[in-house]
Amino acid sequence: TAGAASMYCGSCLRDNALARELIRQGHDVMLVPIYTPTLVDGENVSRDHVLFGGISVYLQQHSKIFRHTPAFVDRLWDSMPALRMAARRSIATEPRMLGELTVYLLAGQNALLLNDSLKLRTWIRETEPPDIINLPNSILIALAKPLREEFQRPVCCTLQGEDLFLDGLTEPYRSRAMELIRSAIQQVDAFISPSRFYATYMSDYLSIPGEKIHHVPLGLDPSAFSPSFPLRDETKAARIGFLARIAPEKGLHLLADAYIHLRRELQWPEARLEAAGYLGPDHHGYLEKIQTALTAAGLAEEFHYHGEVDHPAKLRFLESIDIFAAPAIFEEPKGLFLLEAWAAGLPVVATRRGALPEMVEATGGGILVEPDNPAAMAQGLQSLLSDPARARDLGQAGAAGLTRHYHVTRMAARTLEIYQAINRSAS
């Protein structure tokens, strides 16, 4: 799993939930963080050992001097205290700034990859060679060949939204990175996608043969949530919630415009817009623009940004809102926030983007609106705010649909089917 420093990352949460469930079922799983330690909002089952430590990778890419440092120096940089200290700092992770490093890692035969790949293979050998190796995303696909050759075991690769990262790279790095990923596809035995939409999308995007991509539905353990399904108190201000990374692609700006339309054009009575999620150093200006637009509309006092929330705070946040809004403006591959909303018994208003339609249609837990259209989002919100009974019914349907279609046990069972099938093929 690729650590995301100090951010609660949907991919890390998904990988950790899968590993935890497989372990609970009695399977022997090693979940190994790459780059930095992982931050998850439940029991963390990842190993206390980080591979491809972010500090040494960065230093080695920027200077040849650091590619030949003694092992004890690498161990110092790759130590958990050093990586945790680095993770607490505001490290820029904008894709456009990381093109050279991405291509360098994907090139396959460069000194950096070979050096850290050798560390990885040595560490696995000294631990216990696995039956299956699962890479967390296609950015790390250059590891597939050396790992397959070393252990003669199948290699899987999960697809988890790396198209957004790749599309953010500047040229010539984007084209070169895409070329390098496509050239390594034959080294991977199976690709795993968290949604049917993303399986089709990535088959075209990376030219992956369709038969190589397998759909494993995203999964969540709802046991930590306690939905009560109350009727909204119409005498109190309606509370609309957003829980996702504070970044343009997640669409908080569209939701803010929709909120302005709801209050000014549709003349909905007093309400509240509540937002929570990770705010990276590169997106402070983005949030300030949203706050400026709400201030200009005279609605600044009705907006509250709660910051990034840990699990207890997330539960309190979800319990405090009436409707969950998912205004994604890009092709969302996973939609973990929808599962969290349904686990809390909330009805959802989501844009027709990426995996969101298939999730809403599978559960019946909300309504879909036209993407990139604040007025359509506002009308969707109004339709549920004005009909509390319908909103409650949708929340109940979402919770039931989550258990039926997106429970973590279902994710684990489908993953095992794929692992067992490719193991048989490799035998």
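**Close-up views of a predicted model**

**View 1. Strands β5 and β6.** Strand β5 (residues 238-243) and strand β6 (residues 271-276) run parallel and are joined by six bridges. Strands (E, at least two residues) and helices (H or I, at least four) are DSSP runs, numbered from the N terminus. Within this pair, Gly241 stands opposite Glu274 in β6. This is a predicted model, in which local features need pLDDT of at least 70, side-chain atom pairs count only at pLDDT 80 or more, and totals for chains, interfaces and linings use all residues. Residues are numbered from 1 along each chain as its sequence is written, and side-chain values use heavy atoms, with hydrogens and water left out.

**View 2. The open sheet.** Six strands form an open sheet with parallel pairing, in the order β7-β6-β5-β8-β9-β10. Two strands pair if DSSP finds at least two bridges between them. At the edges lie β7 (303-305) and β10 (366-369), each of which pairs on one side only.

**View 3. Helix α9.** In helix α9 (residues 173-183), the buried residues (under 20% relative accessible area, 1.4 Å probe, protein chains only) are Ala177, Met178, Leu180 and Ile181. Seen down the axis of α9, these residues fall within an arc of 165 degrees, so they line one face of the helix; the arc is that of the directions from the helix axis to the C-beta atoms. Their cover includes α5 (99-106), α8 (162-167) and α10 (196-205), where contact means heavy atoms within 4.5 Å.

**View 4. The setting of the close-ups.** The chain contains 18 helices and ten strands. Of its 427 residues, 57% count as buried.

Terms used: Buried means under 20% relative accessible area, exposed over 50%, partly exposed in between (1.4 Å probe, protein chains only).
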